[in-house]
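Let's take a walk through this structure together, starting with a small detail and working outwards. Keep the viewer open as you read.

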Number of protein chains: 4
Amino acid sequence: MAPTRVIHPAQDDDHFHDECGVFGVYNHPEAANLTYLGLHGLQHRGQESAGIVSSSGDRLHEERGMGHVARVFKKTQLRRLKGDLAIGHVRYSTAGKSNLENAQPFVIESCKGEIGVAHNGNLVNAVAVRDRLEKDGSIFRTSSDTEVVLHLIARSKQDGLEAAIVDALKQMQGAYSLIFITRDRIIGVRDPRGFRPLSLGRLGESQVLSSESCAFDLIDATFVRDVEPGEMVVIGPAGVKSYRPFPPEPVSQCIFEYVYFSRPDSQVFGRSVHEIRKRLGRELAKEQPVDADVVVPVPDSGMYAGLGFSEQSRIPLEFGLVRNHYVGRTFIEPRQAIRHFGVKLKLNPVRALLSDKRVVLIDDSIVRGTTSRKIVSMVRSAGAREVHVRISCAPTVGPCYYGVDTPRRSELIASSHTVDEIRRYIRADSLGYLSLEGMYRAVGENRSFCTACYTNDYPVPFPKEEEAHGMVPGRR
Amino acid sequence: MAPTRVIHPAQDDDHFHDECGVFGVYNHPEAANLTYLGLHGLQHRGQESAGIVSSSGDRLHEERGMGHVARVFKKTQLRRLKGDLAIGHVRYSTAGKSNLENAQPFVIESCKGEIGVAHNGNLVNAVAVRDRLEKDGSIFRTSSDTEVVLHLIARSKQDGLEAAIVDALKQMQGAYSLIFITRDRIIGVRDPRGFRPLSLGRLGESQVLSSESCAFDLIDATFVRDVEPGEMVVIGPAGVKSYRPFPPEPVSQCIFEYVYFSRPDSQVFGRSVHEIRKRLGRELAKEQPVDADVVVPVPDSGMYAGLGFSEQSRIPLEFGLVRNHYVGRTFIEPRQAIRHFGVKLKLNPVRALLSDKRVVLIDDSIVRGTTSRKIVSMVRSAGAREVHVRISCAPTVGPCYYGVDTPRRSELIASSHTVDEIRRYIRADSLGYLSLEGMYRAVGENRSFCTACYTNDYPVPFPKEEEAHGMVPGRR
Amino acid sequence: MAPTRVIHPAQDDDHFHDECGVFGVYNHPEAANLTYLGLHGLQHRGQESAGIVSSSGDRLHEERGMGHVARVFKKTQLRRLKGDLAIGHVRYSTAGKSNLENAQPFVIESCKGEIGVAHNGNLVNAVAVRDRLEKDGSIFRTSSDTEVVLHLIARSKQDGLEAAIVDALKQMQGAYSLIFITRDRIIGVRDPRGFRPLSLGRLGESQVLSSESCAFDLIDATFVRDVEPGEMVVIGPAGVKSYRPFPPEPVSQCIFEYVYFSRPDSQVFGRSVHEIRKRLGRELAKEQPVDADVVVPVPDSGMYAGLGFSEQSRIPLEFGLVRNHYVGRTFIEPRQAIRHFGVKLKLNPVRALLSDKRVVLIDDSIVRGTTSRKIVSMVRSAGAREVHVRISCAPTVGPCYYGVDTPRRSELIASSHTVDEIRRYIRADSLGYLSLEGMYRAVGENRSFCTACYTNDYPVPFPKEEEAHGMVPGRR
Amino acid sequence: MAPTRVIHPAQDDDHFHDECGVFGVYNHPEAANLTYLGLHGLQHRGQESAGIVSSSGDRLHEERGMGHVARVFKKTQLRRLKGDLAIGHVRYSTAGKSNLENAQPFVIESCKGEIGVAHNGNLVNAVAVRDRLEKDGSIFRTSSDTEVVLHLIARSKQDGLEAAIVDALKQMQGAYSLIFITRDRIIGVRDPRGFRPLSLGRLGESQVLSSESCAFDLIDATFVRDVEPGEMVVIGPAGVKSYRPFPPEPVSQCIFEYVYFSRPDSQVFGRSVHEIRKRLGRELAKEQPVDADVVVPVPDSGMYAGLGFSEQSRIPLEFGLVRNHYVGRTFIEPRQAIRHFGVKLKLNPVRALLSDKRVVLIDDSIVRGTTSRKIVSMVRSAGAREVHVRISCAPTVGPCYYGVDTPRRSELIASSHTVDEIRRYIRADSLGYLSLEGMYRAVGENRSFCTACYTNDYPVPFPKEEEAHGMVPGRR
């Protein structure tokens, strides 16, 4: 009897997902090799494709491919990436089809010369600008919003590339942490609201840019500072120059970088991610206490919050769910019905730790609720007497339009259900979310964050949902 | 001891090479599958990459890959190519690096909608137009001249795609047999001089376009007629419409399609290829007679000319060179010196047929002379008493700028050497070329051909050689 | 500048490694599919190769390949594995070259019919028996000790396969958990000392065998009991039959299965692995207390012991080392010297958790000491004030000859160095191992274990080290 | 609409097929590289798998893989094949499944040391001997008859490997051209009847063995002589020694090597293949004359016979069928019915050469008749007025048991149909075979040939058909 279904465990994951990580190196004889390592350190921000563009001074060199960094780049590819400066990109796949066309960095030739660009974020007015550009005779080969920026740069009447970049970005709204490369420089820009992170580091005489500081650690570079919201950093023969070309706007950094996206060993928006994550667990324990026997974090993302919850609540932590790290990209499901199949490929309950216990499950979010429902059920099958779910952030009620891959609003269970309805759906004995105020306490009462997915309070207006979702409805 | 060199037999081939084949199907429920077969029938026109774009009415679907048609397209790829109309492309690699970016058909989105295009030919003023477009703010992602046409279409002020195509092509000079696809139609265009072939066929209620008619045979379609030089054929919901939008120019069809490029079972420019090829051999025997024992064609391309030569000269034909069809893309050469290694991987002399014989070797061209020299030497090593080389066309003195991959002029041995010098270089006992007049006799005194590679008489002016060769020096 | 070295992170791991996992299913219409899942659940026991053999009653079907289970088995392979019974095997690679010949299960044909076999363990007298068999005219196609058993079975004068298996195994010494498959039954055997685990499970009307019970969970099977040391379980048309064919011997189960090998969610040798592992941490805290600020486990293997240590010592647990799970099989190292490169690809220190702290690092073993030295140094670079290393077992002084891949004795740092010398080598402020008595306390004073690697007290004699290491020196 | 069928053009070929080619080199610093080239020259004898075994004096090295030689062996593989002596093997796949286990050369270890072997032929009593060996306790890992020989060698009581080989082969009946390799020598043996070819060559101080002499040409070696039927040639430190260890038997060399298998540029059984092949065509023209306009050979195998037929009959030769050499291993067939699809992928009729012509089609055999039927029909569709089929050998009435892959007798159309019935089935206007006497005339009245497939007169008895066909019915 033949197997019936191929499942994709990596995609069967009920989380929001970042769409990209960016990295750049200037003035290092092994610029491409270091970028390769940097991208490896940012691999959690995107596993679909990886690419590097380097400059040997006379021209740019580019290599891109589908899959993980270590798979895309072998000796042959790295050898071809000549030169002392390089930028790189990892991309998260939103859906099904592998699409090499959309893999970044993009490289184009224009009257401003050869330009490469790597982008983390999302430009909310890209469709409108693209329509205007098409009317003026531009042609588009991808569905990416990033291509729009390149057209604007090429069409800018400003003299010089930097002025053209500023000119182009002033026409765009939304989230962007961008790294450009030309034949002799790399340029980092962060949008005025600073949605997505971007950091500046140093390695001897070399300068480094990275979405997260954890990638600096890997190459022995030191964290210097964040590129500030609205700042453009030009790193070239004339040294490191900083510009503030955009009118100031209120800062709205993505708070979910702390909750889930960023690696715990990164410094992001001026704070340690793991520290915030643990504080979220502590606040959660204060707001949503529960009488239970064990605190069981859902690995890997719930670990720090689970530890915080345990410390605050004095309920002992147990590693009651074990993650299987050998999960491949695809997996064949037998006809034989297997309970919690998709979840079980990745997580296995440790029966003896759960059996007859009142369990507090700590997780970082509930998106559709389907995975939570499976986990609760699996934990219960393993003998848990009670299952109390605690989420280390507020209910996710709105999609993100600023560079995060999220389902449509209608798929977000919290957008249309009360906490108690969600509790019933996931079959938990109790369910508690951290409040927005609790989140603010965890981040030290700093209010310069975007919390749109918890509040529907979107700092930058966006077109109606259907258009915003996939950038250009008509294509790919 | 390790092997020293990897050789590339497919590239170690001293011929001119076509750069592309194009194919299109309209109004067939299996449009992509038939295009796949059509491309298989055009595989000899390009083995580097293959691509198909189909339309399901609402949008275009595209699949491209490096390598042969049968390798690029598996069930998965073909299944994704939905719709009743499709176009396809095979491309010959000019050099080294595989480059998926340059694989066609290209697909873009513009104010004229989604457009896919497959191109066989070369636009000689592409660099100049590109420079102008870049100054106007266009960005380029490939080094292909075809991308220039797409920009011109997108920027055209003409209403409607067909008018825009005409508008764009009027700005271009050179060789083009193009097939476009939009959501609801396919459009075939041939440049006013008709450098490259393009044929129209029919399969039941479906229309078909192909570089050569041999691809019609494979899918049971029937040859209807050539698309005429300067003709645009629009095949869509309104049926097949023919336009003559360009000012008339003298026709200059590529005579080398008869000599070498096209498959012998094709009808090209109104004549059977094999028939012309055999007549070239007959004319050659008349012009360049030789007293010899056997006529040995260099397989596969010299077969028909060899037969013609043998019939005319009454010297018996012998298959004294055997082709090995298992030659892979790369081959490892041992350190041990092996005589005629590269040639011997593909051709083996049949000693008993050559030994002590006066041999007439029939080949279709001498480009650099290196391969001919190896073959002559190999035939002599096999015991031939005399080796007389006869070439079924005139000496190749100039490169082609109209869509054929040729070495630079300085590498063409006949551009700087007399026939006798070439004879000495290839170590033949005698060497004879067919004259241009002989070629004309073979094609029936029809003079509507481009013979630039034999005469340096270029029907369309071209920029200086360095620029013309690789389209854009700066990039890839 | 080109990269200088390719490193293999998966091999650059200073642990002992299990050599195999075995699995079997009887009487299930999707026997091969379930075996595929079972092997996925045993993937931690071997990642080099994977194989499945099924029986369709009339004949056996086999599929094997290099790499992870999810890579070796796609729909095509699984579809070919027809039948209601199947066995499978995953193998750990001891060194360099991938060798499909050595991938199990082996299948042979003999006078006893078709037999497939999957083996976890090592037969210490295999070389001697092989020499004898070769003298009697046997031929060998692999260097595997398992092939020796098949020869003995084929040559046995005993009637019936089961008797022949017993006859053969009586001639072998060492460790074996074996699963055989014939056209109509599967047979599980565990050596009299029970070195390696083997469990019996049930799924409805089907019987299942597995190295570890965690694989039962994945397919919804229930754990029934361990196959006992010295037991042979025949599962066939006549039901499940148990035999005790071997003279009884003292039981010596591998205690390191608890310390490191087995998955924490498995039941092994009658106990929960995670529970023992946590108790090892508790005992370690009692025996080797230290005044410190944080307990940091080395993930993933040190997690449970770290939790136990923290609970016992009341020193808070912190996840101060983050594991990167995207590490590929090979990785290119730049010329640029990067500190702790190999370790850093897999582990990143969380600076803010370590900075200025007195850290207790909890790990499960020190083999060569090289990795510990890198980790200590990395933790210190991250700002730790003191680094105290605590190991949740006794010093590893001897290699294993019973189915575990270990370096030679001379490479085991504890075989020739005192604890203080090791401490100095790894540059720790203090180093403490759990005593053997402490280990016994953790496992509940049950003494039926092999502790040879901690005591050099080998329960089964073995030939001199050079021969034991690679089975047959002469071949592969 | 999805494509419906994947077809395998290489297998959809109505010919008998050779099962193997063997090659060996002694005393050359690049033994493996030369073997690689030699196998390339024998590629027509087997495309399923390729393998090489070399000796570095201390041990053997082996590499095998599925597919063509140029695909299996890359630099990495060749580099591993150290040493001054090597043997190689190419194998033809009889059916469906790729099976690396059966790829040769085999390597085993036994009391006679390490031995590698490459075999062309078939041992008709292998099943019986295998049964006996299994009863004596031998185990078998493949379904190959060659493995039987290795067991007999290992079990031989004779001293020394050569004596053991002779001892083993004396127990075997059937066809074998074998090359063995040990650490210091290579040994070539041909069965007493000499069914399959084997030649000895020389390259400087090196000795070479090859199934066909065409492989010598490729490496610049010279043909020395055939290894004689019943001869064993030992090439080692003591030089080249020749033995005649077997009782003499009448010689019965495979006449079909001349008709189809061998390459035309080979010397086989003391004669030039192309020369015999052309004489077959001449004899055919004498025996089966026909009034026609053109002689059209079916490429590539019918070319020489076609030329012979044309010369004898004075009917002009035309290349009316063009072979497409880009056919891949698999091809997707559309739902759309396409006439003669499978044949048309490989052969295209040249309409203008066939239209309104009386055509003599020259082919080398009719096996099932299915392909001939398609070709005749295709030629007729291309406009031929009459189609006369002429076959350059006698009707194929019996399967081969001596190393050739043939269908069962019941599938051979000539085994149960008269020539006129076959003519009607293939829809030819006339059909003529060459007589056996005509074949003998073509080979110069030498009668030392096996003609069993034309006469059912089998020189070596064989077991009943069902067993002989696949060696061991039970397995693979």
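Which residue of β15(D) does Val233(D) stand opposite? The partner is Ser242(D). Before we go on, a word on the ground rules: this is a predicted model, where local features need pLDDT of at least 70, side-chain atom pairs count only at pLDDT 80 or more, and totals for chains, interfaces and linings use all residues. Residues are numbered from 1 along each chain as its sequence is written, while chains are lettered from A and ligands numbered from 1 in the order in which they are written.

Back to that pair of strands. Strand β14 (residues 232-236) of chain D runs antiparallel to β15(D), and five bridges join them. Strands here are DSSP runs of E with at least two residues, helices are runs of H or I with at least four, and both are numbered from the N terminus. Two strands pair if DSSP finds at least two bridges between them. Zoom out a little and you'll see that β14 and β15 belong to an open sheet of six strands in chain D, in the order β7-β8-β9-β10-β14-β15, with antiparallel pairing. At its edges sit β7 (106-110) and β15 (239-243) of chain D, each of which pairs on one side only.

Now hop over to chain A and look at helix α5 (residues 145-155). It is largely enclosed by the rest of the structure, because 11 of its 11 residues are buried. (Buried means that 20 or more other C-beta atoms, placed from the backbone, lie within 10 Å of the residue's own; exposed means 12 or fewer, and partly exposed is in between.) Among the buried residues are Asp145(A), Glu147(A) and Arg155(A), along with Val148(A), Val149(A) and Leu150(A). What lies over them? The cover includes β7 (106-110), β8 (113-123), α4 (126-135) and α6 (161-170) of chain A.

Next, how do the chains meet? In chain A, 52 residues are in contact with 52 residues of chain C, where contact means C-beta atoms, placed from the backbone, within 7 Å. The largest share of chain A's side, five residues, comes from helix α1 (residues 31-41) of chain A. By class, that side has 29 nonpolar, 10 polar and 13 charged residues. Here Ala, Val, Leu, Ile, Met, Phe, Trp, Tyr, Cys and Pro count as nonpolar, Asp, Glu, Lys and Arg as charged, and the others, Gly among them, as polar.

Two copies of a chain are related by a rotation about an axis and a shift along it. A turn of 180° and a shift of 0.0 Å along the axis lay chain A on chain C with an RMSD of 0.1 Å. That is the relation of a two-fold axis. The superposition is by least squares on the C-alpha atoms of residues with pLDDT of at least 70 in both copies. The same surface serves both copies, with 100% of the contact residues of chain A recurring in chain C. Of the residues of chain A, His325(A) comes closest to the rotation axis, its C-alpha lying at 3.5 Å.

Chains B and D make a pair too: 52 residues of chain B are in contact with 52 residues of chain D. By contrast, chain A and chain D do not touch, their nearest C-alpha atoms being 15 Å apart.

Notes:
Two residues are in contact if their C-beta atoms, placed from the backbone, lie within 7 Å.
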